[in-house]
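The following exercises concern strand pairing, helix packing and salt bridges. Please work through each task before reading its solution.

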Amino acid sequence: VTGKPHIKTILSIENMEQRMAALKVVGVEKIIKGATLLDKSDRGNELYLVKNVFPTDALYLKYICPSTGRVYVSGVDPNLPHDADACMAWKLSLTKEEYQKLEYET
């Protein structure tokens with residue numbers, strides 16, 4: 001197979017490290033290019049609505065790992081509030097209040 005992988009294929013990769021490697025090939029910005037930015041937090045988390053890639057609309061969170069500087073894009077529960085920090089808290093199994101109290105992220 002030649003060429004770059006399709007966006008749908010990349011976003012479907014469950015393993016975060018493999019998904020991140022695929023994102024490097026295509027570029028994170030290409031994935032969110034057609035998406036709608038719903039929220040951006042002071043911590044740099046960005047929540048996007050991705051349409052017309054999957055049968056139903058999907059929410060994706062773009063964030064930077066504070067320890068490595070890598071940019072990640074992860075799918076989040078579409079039933080979550082359209083709040084980037086609340087979605088990051090959900091990924092970390094925290095409440096938004098607990099997440100906001102964190103002084104350091106790794």
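**Exercise 1.** In this predicted model, determine in which sense strand 2 and strand 3 pair, and over how many bridges.

*Solution.* Strand 2 covers residues 46-50 and strand 3 covers residues 58-64. The two pair in the antiparallel sense, over five bridges. Within this pairing, Val-50 stands opposite Ala-58 of strand 3.

**Exercise 2.** Establish the order of the strands in the sheet and identify which strands stand at the edges.

*Solution.* Four strands make up an open sheet with antiparallel pairing, in the order 1-2-3-4. Strand 1 (36-40) and strand 4 (71-76) each have a single partner strand, so one side of each is left without a neighbour in the sheet. From one strand to the next, the twist averages 25 degrees.

**Exercise 3.** State which strands helix 2 touches and which strands helix 4 lies across.

*Solution.* Helix 2 (residues 16-26) packs on the sheet and touches strand 3 and strand 4; its direction makes about 120 degrees with that of strand 4. Helix 4 (residues 84-91) lies across strand 1, strand 2, strand 3 and strand 4, and runs at about 85 degrees to strand 3.

**Exercise 4.** Explain which parts the salt bridge between Glu-17 and Arg-70 ties together, and classify the accessibility of Glu-17 and Arg-70.

*Solution.* The two side chains meet at 2.8 Å, N to O. Glu-17 belongs to helix 2 and Arg-70 to the loop between strand 3 and strand 4, so the pair connects parts 53 residues apart in sequence. Glu-17 has 42% relative accessibility and is partly exposed; Arg-70, at 32%, is also partly exposed.

How values were computed: Residues are numbered from 1 along each chain as its sequence is written. This is a predicted model: local features need pLDDT of at least 70, side-chain atom pairs count only at pLDDT 80 or more; totals for chains, interfaces and linings use all residues. Side-chain values use heavy atoms; hydrogens and water are left out. Two strands pair if DSSP finds at least two bridges between them. Axes are lines fitted to C-alpha atoms, for helices over the stretch in contact, and angles run from 0 to 180 degrees between N-to-C directions. Contact means heavy atoms within 4.5 Å. A salt bridge is a side-chain nitrogen of Lys or Arg within 4 Å of a carboxyl oxygen of Asp or Glu. Buried means under 20% relative accessible area, exposed over 50%, partly exposed in between (1.4 Å probe, protein chains only).
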